[in-house]
Amino acid sequence: MLYFIPTPIGNLNDISFRALSVLESCEFLFCEDTRISKSLIALLNTRFNAKIYPKKFISLHSHNEKELLENLDLSIFDKNTAYVSDAGMPTISDPGKYLLEFALKNKLSYEVLPGANAALVALVSSSFCEKEFIFMGFLAHRGKERQKDIEKLLSNPYPSIVYESPKRILSLVKELANLDANKELFAIKEISKKFQTQFKGRAKELLKELENANLKGEWVLVVQGNFKQEFNTNTLCEKDILELDLPLKIKSKLLAKMSGKSPKEFYKKLILS
């Protein structure tokens, strides 16, 4: 079995008994960073009297995962194997996605264990979520792409969760405050660690607080949903266009615009129908 195992995001006690048991059974361990994983396992063995002794630690991260998996000997999965990222749930703004796709492609048995996740902790702590929410991970770092992400944050109909570094958290809140000073925000840093700190309030209020705060640590920001922004249900579908009293060439162009296909393809179908 191949296991994807969440690791503590701050407090070592966040590891589950099941994760410890599975790690003890694994002979090979894929790691985002082998140095961090070795340190973590040494701490787990000491704190919980665990007996986690993999035969081999294999580095698997965003820069090498495709090449490594292309050349991987599948016999490694004849033994219990696990993947761990540095902290939190694999594939959630962490590596692991390609290994999971590799398992599916090669029909390998795998299982994802439940565990620590900063996004959900922040979302629940914010009190913004009733049912739906949007996870955006890390925003683009600069330029037009970042501006688009920030505008999207403010227009999303549901609460949106983003991860941010201590270097950019203040500028992010400042940009949000400039665009919508009264937008409700929730920010939390160092989740599950000794100095976990959280802030909640309108963007302009949060900006003032953060300007005088210690910004060190990893941040999660939750932006309240724009509940007035509803998805447009009045969009045209193919059936609507077919029912319009329009020349076939115009109908063909409209259908092509919607689908990305060739107008000629639709025109032939319309003539034959």
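1. Two strands pair if DSSP finds at least two bridges between them. With that in hand, here is a friendly place to start in this predicted model: strand β7 and strand β10 (residues 219-223) pair in the antiparallel sense over five bridges. Within this pairing, E164 sits opposite W219 of β10.

2. On to the other partner of β7. Strand β6 (residues 134-138) pairs with β7 in the parallel sense, over four bridges. If you would like a residue pair to look for, try G137, whose bridge partner in β7 is V162.

3. Now for the whole sheet. Which order do its strands take? The order is β6-β7-β10-β8-β9, five strands in an open sheet with mixed pairing. β6 and β9 (197-202) are the edge strands; each has a single partner strand, so one side of each is left without a neighbour in the sheet. On average, neighbouring strands of this sheet are turned by 15 degrees against each other, direction ignored.

4. Strand β7 (residues 160-164) deserves a second look. In a regular strand the side chains alternate between the two faces of the sheet. Here, S160, V162 and E164 point one way from β7, while I161 and Y163 point the other way, and all are buried. Put as a count, five of the five residues of β7 are buried, and the strand is mostly covered.

5. Two helices lie across this sheet, and you may like to find each in turn. Helix α5 (residues 118-126) lies across β6, β7, β8 (184-189), β9 and β10, and runs at about 45 degrees to β10. Helix α8 (residues 203-211) lies across β8, β9 and β10, and runs at about 145 degrees to β9.

6. Helix α8 also packs against helix α7. Two packed helices are described by the angle between their axes and the distance between the axes. For α7 and α8, the axes come within 8 Å and cross at roughly 155 degrees. Angles over 145 degrees count as roughly antiparallel, and α7 and α8 are therefore roughly antiparallel to each other. Their crossing is left-handed. On the α7 side the contact is made by I169, L170, V173, K174, L176 and A177, and on the α8 side by A203, K204, L206, L207, L210 and E211. By class, the residues of the contact of α7 with α8 are nine nonpolar, no polar and three charged.

7. One residue of that contact is worth following further: L176, which belongs to helix α7 (residues 169-179). Is L176 buried or exposed? Its relative accessibility is 0%, so L176 counts as buried. Beyond its neighbours within four places in sequence, L176 is in contact with I150, L153, L154, A181, L185, A203, L221 and V223. Take V223 from that list: L176 and V223 are 47 residues apart in sequence, yet 9.5 Å apart in space, C-alpha to C-alpha.

8. A second helix pair makes a good companion to the first. Helix α10 (residues 248-259) and helix α11 (residues 263-272) pack with their axes 8 Å apart, at an angle of about 130 degrees. α10 and α11 are therefore oblique to each other. The crossing of α10 and α11 is right-handed. From α10, the residues L248, K249, K251, S252, K253, L255, A256 and S259 meet P263, F266, Y267, L270 and I271 of α11. The contact of α10 with α11 has eight nonpolar, two polar and three charged residues.

9. Next, strand β2 (residues 28-31), where F28 is found. F28 has a relative accessibility of 17% and so counts as buried. Leaving aside neighbours within four places in sequence, the contacts of F28 are K56, I76, K79, N80, T81 and A82. One of these, N80, is 52 residues away from F28 along the chain, and the C-alpha atoms of F28 and N80 are separated by 7.0 Å.

10. Finally, two loop residues to check by eye. K107 has a phi near 55 degrees, a positive value in a residue other than glycine. K107 lies in the loop between α4 (97-105) and β5 (110-112), and K107 is exposed, with a relative accessible area of 75%. S192 has a phi near 75 degrees, again a positive value in a residue other than glycine. The place to find S192 is the loop between β8 and β9. With 19% relative accessibility, S192 counts as buried, as buried means under 20%.

Methods. Residues numbered from 1 in each chain as written. Predicted model: local features only at pLDDT ≥ 70, side-chain atom pairs only at ≥ 80, totals over all residues. Heavy atoms only, no water. Axes fitted to C-alpha atoms, helices over the stretch in contact; angles between N-to-C directions. Parallel < 35°, antiparallel > 145°, perpendicular 65-115°, else oblique. Left-handed = near helix turned anticlockwise from the far one by under 90°. Contact = heavy atoms within 4.5 Å. Nonpolar A, V, L, I, M, F, W, Y, C, P; charged D, E, K, R; others polar. Buried < 20%, exposed > 50% of the residue type's maximum accessible area, 1.4 Å probe, protein only.
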